[in-house]
Amino acid sequence: MNDLALERRTGLPEHLRVLAELYPRETWQGHPNFSGLTAFWLERHLMFRQLMARLIEGSERHLDQTDPRFAAEMSQYTGLFLNQLHGHHMIEDQHYFPQFIPLDSRLEQGFEILDRDHHALDGHIHALADRSNEVLKLMAAGEDEKRAVDLLAATQRDFSGFLLRHLEDEEEIIVPVVLEYGADLE
Ligand SMILES: [Fe+2]
Ligand SMILES: [Fe+2]
C-alpha cells in the first residue's frame with residue numbers, strides 16, 4: 001500500500017482501472033448517466049486546479065518582480081482554496097464514498113486509497129496554511145519576505161502535485177462508477 005501513497009504513486013494500479021478502462025474520460029460527457037451533479041462535481045475539481053495554479057503563479061510573479069497585490073491576493077485565494085477543499089473532502093467522506101463503496105467490490109481498495117489521500121492532504125493543507133501565514137506575518141511586520149515566499153512557492157508546487165494526482169485518480173474511480181451503475185453524486 002506504501003507505493004500507493006499520494007506522495008509516491010503515479011496513477012491507479014491496473015486492477016483498480018477496470019471501470020476506468022471501460023469508460024475513457026472523453027466518453028464521460030456523452031454518456032446518458034452523466035448528470036448535472038456529476039458535471040458540477042467535476043467543475044469543483046477544475047476550480048481547485050485553477051486556484052492552485054493561480055497561487056503558484058502569484059508567488060512566482062512576486063519573486064520575479066515585487067507585486068503590490070501579492071499579499072492580499074495570496075491571503076484571499078489561499079483561504080478560499082483551503083476552506084473549500086476541506087469542505088469538499090468532508091462531503092466526499094461522509095456522503096459520496098459510503099454511497100459508492102458497496103456498488104463494486106473490485107474498487108474497495110480504490111476508496112481506501114482516496115480516503116488515505118484525504119488524510120494526507122489534511123497534513124499538506126496545514127503545511128500550506130502555515131507557510132502562507134509565515135509570509136503574511138513577515139510582510140505585515142515590514143520584514144523581508146522573499147526567502148519565505150521561495151519556500152511557500154515550493155510548498156505550493158508540492159501541494160499541486162499531490163492535489164492533481166488525487167483529483168485525477170478520484171475522477172477515474174468515481175465517474176466510471178456513476179456511469180456504470182447509474183448512481184449519482186447527491
Ligand atoms: Fe477527494
Ligand atoms: Fe474530490
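Visitor: How are α4 and α5 oriented to each other, roughly parallel or roughly antiparallel?
Guide: α4 and α5 are roughly antiparallel to each other (an angle over 145 degrees; under 35 would be roughly parallel, 65 to 115 roughly perpendicular, the rest oblique). This is a predicted model, in which local features need pLDDT of at least 70 and side-chain atom pairs pLDDT 80 or more, while totals for chains, interfaces and linings use all residues. Residues are numbered from 1 along each chain as its sequence is written, with chains lettered from A and ligands numbered from 1 in the order written.

Visitor: At what angle do α4 and α5 pack, and how far apart are their axes?
Guide: Helix α4 (residues 108–140) packs against helix α5 (residues 146–181) at about 160 degrees, and their axes are 10 Å apart (lines fitted to C-alpha atoms over the stretch in contact; angles run from 0 to 180 degrees between N-to-C directions).

Visitor: How many helices and strands does the protein have?
Guide: The protein has five helices and zero strands (DSSP runs numbered from the N terminus: H or I, at least four residues; E, at least two). Its C-alpha atoms fill a box of roughly 55 × 35 × 25 Å along the principal axes.

Visitor: Turning to α2, what span should its 29 residues have?
Guide: At 1.5 Å a residue, times one less than the number of residues, α2 (residues 36–64) should span 42 Å. The end C-alpha atoms of α2 are 41 Å apart, which agrees.

Visitor: Which residues of α2 are buried?
Guide: Thr 38, Trp 41, Met 52, Leu 55, Gly 58, Ser 59 and His 62 are buried in α2 (20 or more other C-beta atoms, placed from the backbone, within 10 Å of their own). Of the 186 residues in the protein, 26% are buried.

Conventions:
A residue is buried if 20 or more other C-beta atoms lie within 10 Å of its own, exposed if 12 or fewer, and partly exposed in between; C-beta atoms are placed from the backbone.
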